[in-house]
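Q: I would like a close look at one part of this protein, set in the context of the whole chain. Please take the overall layout before the detail.

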Amino acid sequence: MSPKRGDDVAPPPVDSEWRLRFATNEAAKGWGELGAEAPGNTRRCFEALRQDPLSRADPDRQHRLRGRLAAGSLGGLEYPQWEYEVTAGGRVRYLVDEARHTVHLVYASTHHPKDTE
């Protein structure tokens with residue numbers, strides 16, 4: 001998604017930080033809604049994914065999905081799929097491309113995803 005006038009400016013990654021990208025327009029929209037509803041928690045999510053999207057330090061908040069949700073595809077390639085709990089209902093799902101040191105946000109919403117109900 002190309003930036004346009006009026007969009008927020010995302011800081012570029014530095015040193016060992018990971019690049020964060022929106023994989024879908026829906027994820028971009030949902031990220032904005034999360035930021036409006038819970039700015040502090042959304043910022044903590046941003047920082048956690050920038051620093052270590054594969055962290056297992058807080059498995060209740062950030063973890064790899066299991067079963068049929070354990071992987072997702074993007075551009076014909078398959079990547080491990082993780083989830084970050086931003087709020088009680090709000091979630092961010094992302095694919096981790098270790099080779100490119102990039103995190104692809106595939107889902108962001110103030111609501112819990114229906115596929116895990």
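Which pattern does the protein follow when read along the sequence, and how is helix H2 covered by what surrounds it?

A: In this predicted model, the protein follows the pattern β-α-α-β-β-β-β-β when read along the sequence, with two helices and six strands. The radius of gyration is 13 Å, close to the 13 Å that the globule rule gives for 117 residues, so the protein is as compact as a globular protein of that length. Along the principal axes, the C-alpha trace spans about 40 × 30 × 30 Å. Of the 117 residues, 38% count as buried, and among contacts between residues at least 6 apart in sequence, 49% join residues at least 24 apart. The protein exposes about 7,400 Å², of which carbon and sulfur atoms supply 49%.

Within that setting, helix H2 covers residues 39-51, and its 13 residues reach 18 Å from the first C-alpha to the last, close to the 18 Å expected at 1.5 Å a residue. The buried residues of H2 are Thr42, Cys45, Phe46, Ala48, Leu49 and Arg50. An α-helix has 3.6 residues a turn, so residues three or four places apart point the same way. The cover over the buried residues of H2 includes helix H1 (25-37) as well as strands S1 (19-22), S2 (62-64), S4, S5 (91-97) and S6.

Two of these covering strands, S4 and S6, each hold a residue that can be followed in detail. In strand S4, which runs over residues 77-85, lies Gln81; with a relative accessibility of 9%, Gln81 counts as buried, because buried means under 20%. The side chain of Gln81 reaches the backbone oxygen of Leu69 at 2.8 Å, and Leu69 is also listed among the residues that Gln81 touches, beyond those up to four places away in sequence. That list further includes Arg64 and Leu65, Ala70, Ala71 and Gly72, then Arg93, Tyr94 and Leu95, and finally Val106.

In strand S6, made of residues 102-109, one finds His104, which is likewise buried, since a relative accessible area of 12% falls under the 20% limit. Leaving aside residues up to four places away in sequence, His104 touches Arg21, Ala23, Leu74, Arg93, Tyr94, Leu95 and Asp97. Arg93, Tyr94 and Leu95 are thus contacts of Gln81 and of His104, and these three residues fall in the range of strand S5 (91-97), itself part of the cover over the buried residues of H2.

Methods. Residues are numbered from 1 along each chain as its sequence is written. This is a predicted model: local features need pLDDT of at least 70, side-chain atom pairs count only at pLDDT 80 or more; totals for chains, interfaces and linings use all residues. Side-chain values use heavy atoms; hydrogens and water are left out. Helices (H or I, at least four residues) and strands (E, at least two) are DSSP runs, numbered from the N terminus. Buried means under 20% relative accessible area, exposed over 50%, partly exposed in between (1.4 Å probe, protein chains only). Contact means heavy atoms within 4.5 Å. A polar contact is a pair of N or O atoms within 3.5 Å; within protein, one must be able to donate a hydrogen and the other to accept it, and residues adjacent in sequence count only if both atoms are side-chain atoms. The expected span of a helix is 1.5 Å times one less than its number of residues. The radius of gyration is taken over C-alpha atoms; the globule rule is 2.2 Å times the number of residues to the power 0.38. Accessible areas come from the Shrake-Rupley method with a 1.4 Å probe; for residues, only the protein chains shown count as cover.
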